Amino acid sequence: RGLDNLLNECEYNLFTLPDLNDFDGVILMANSFNLQKEVVYLEGKIKELGIPSISLEYEMSGMPNLVSDNYAGMYDLVEHVVGHHGVRDIVYIGGPKEHAENRDRLRAIQTVAKKYGFSVPDTNVRYGLWDRKSAMELTAAWLQEHETLPDAFLCGNDVMAMGVCEQLEKSGYEVPTDVIVTGYDCLKSGREYRPSIASVGHTWEKMGDLAVHMLLRRIEGQEVENEILPTGFIPGRSCGCYGEAMYGDKSYLDIRSRGKEIDGLEAD
């Protein structure tokens, strides 16, 4: 991990280079940062200088937040693989343990499992770094520890899902014939991967447009409310779906948030 730590430190140093006094406003997407101290530094600097700002995909105090409904989208995905494909034995290959999005996605898995009368033990939850390398390492470790495959590897994002698929292929397994794999984020690289990654789609184009309008209102001194945008499950070949609602139809852009509908089903 020496090289990884060095890269993270170099990335952190980049955040100290811009003079934020040169900017009229800031749109911050802190969920993409690897280090919490990057978030702490930028949040503190923005507040210190009083720069109008919007936080995307990460809840920050003192500024409007524009985030995706990660729980509802992951709930839809898990409902599909459990209800439609009969999955019961789940391994979650996720991001950092304390990351807010990771907690939401894991909570959705636990909620659906409870609804169907089973559980996901702590030993089936593995924490990585949102990257392909850690996903491959976690998958390799799982395969060494177990003689049989689970029904599904559900992953924290598409990048990790592709890493899991790659490691499974290296170990002689085929997705989805031997095991289902799913991701999150509906990346172009995931759509073009073979097998295409079953995932959760964001409304990122809408988010970008809305973020700019929110920031402009902040610069003008107007009050801006927090916003939550919907997400939705997109089947792919990695879950065994070959013709139903495949990638590219953009139907997920029209989905609605299901938060109120599933509030009563949350796991304890």
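**A friendly note on the aromatic pairs and their surroundings**

1. Let us start with Tyr75: with a relative accessible area of 2%, this residue is buried. Please keep in mind while reading that the model is predicted. The cut-off for calling a residue buried is under 20% relative accessible area, so the 2% of Tyr75 qualifies.

2. How many aromatic pairs does the structure hold? There are 2 of them. In one, the ring centres of Tyr71 and Tyr75 are 6.2 Å apart and the planes make an angle of 45 degrees, so this pair is tilted. Planes count as stacked under 30 degrees and as edge-to-face over 60, with the rest called tilted.

3. Where do these two tyrosines sit? Both Tyr71 and Tyr75 belong to helix α3 (residues 70-83), where they are 4 residues apart, about one turn of the helix. An α-helix has 3.6 residues a turn, so residues three or four places apart point the same way. Tyr71, like its partner, is buried, at a relative accessible area of 7%.

4. The other pair is made by Trp142 and Phe153, and its geometry is edge-to-face, with 6.5 Å from centre to centre and 85 degrees between the planes. This pair links distant parts of the chain: Trp142 is in helix α5 (residues 132-145) and Phe153 is in strand β6 (residues 152-155), 11 residues apart. Are these two rings on buried or exposed residues? Trp142 counts as buried, at 4% relative accessibility, and Phe153 is buried as well, with a relative accessible area of 0%.

5. Back to helix α3, which is worth a look as a whole. It has 14 residues and spans 20 Å from first C-alpha to last, close to the 20 Å expected at 1.5 Å a residue. Why call α3 largely enclosed by the rest of the structure? Because 12 of its 14 residues are buried. Among them are Asn70, Asp76 and His80, along with Ala72, Met74, Leu77 and Val81.

6. Two arginines are placed over tyrosine rings. Arg107 lies over the face of Tyr71, at 4.1 Å from the ring centre, so the ring that pairs with Tyr75 also has an arginine over its face. Arg105 lies over the face of Tyr184, at 3.7 Å from the ring centre.

7. Leu187 is a residue to view in its loop, which runs between β7 (180-182) and α7 (188-192). This leucine counts as partly exposed, at 25% relative accessibility. Which residues does Leu187 touch? Leaving aside residues up to four places away in sequence, it touches Asp158, Val159 and Trp204. Leu187 and Val200 are 13 residues apart in sequence, and their C-alpha atoms are 9.2 Å apart in space.

8. For the wider picture, the chain comes to 9 helices and 10 strands. Of its 268 residues, 50% count as buried. The chain exposes about 13,200 Å², of which carbon and sulfur atoms supply 50%. Among the contacts with a separation of 6 or more, 74% are between residues 24 or more positions apart.

9. A last word on confidence. The average pLDDT of the chain is 85, and 84% of the residues score at least 70. Over which residues is the pLDDT below 50? That stretch is 243-268, and beyond near neighbours in sequence it has 52 contacts in the model.

Note on methods: Residues numbered from 1 in each chain as written. Predicted model: local features only at pLDDT ≥ 70, side-chain atom pairs only at ≥ 80, totals over all residues. Heavy atoms only, no water. Phe/Tyr/Trp six-rings, centres within 6.5 Å; stacked < 30°, edge-to-face > 60°. Buried < 20%, exposed > 50% of the residue type's maximum accessible area, 1.4 Å probe, protein only. Lys NZ or Arg CZ within 6 Å of the ring centre and 35° of its normal. Contact = heavy atoms within 4.5 Å. Areas by Shrake-Rupley, 256 points an atom, 1.4 Å probe, with all protein chains shown as cover. pLDDT = per-residue confidence, 0-100. Expected span 1.5 Å × (residues − 1).
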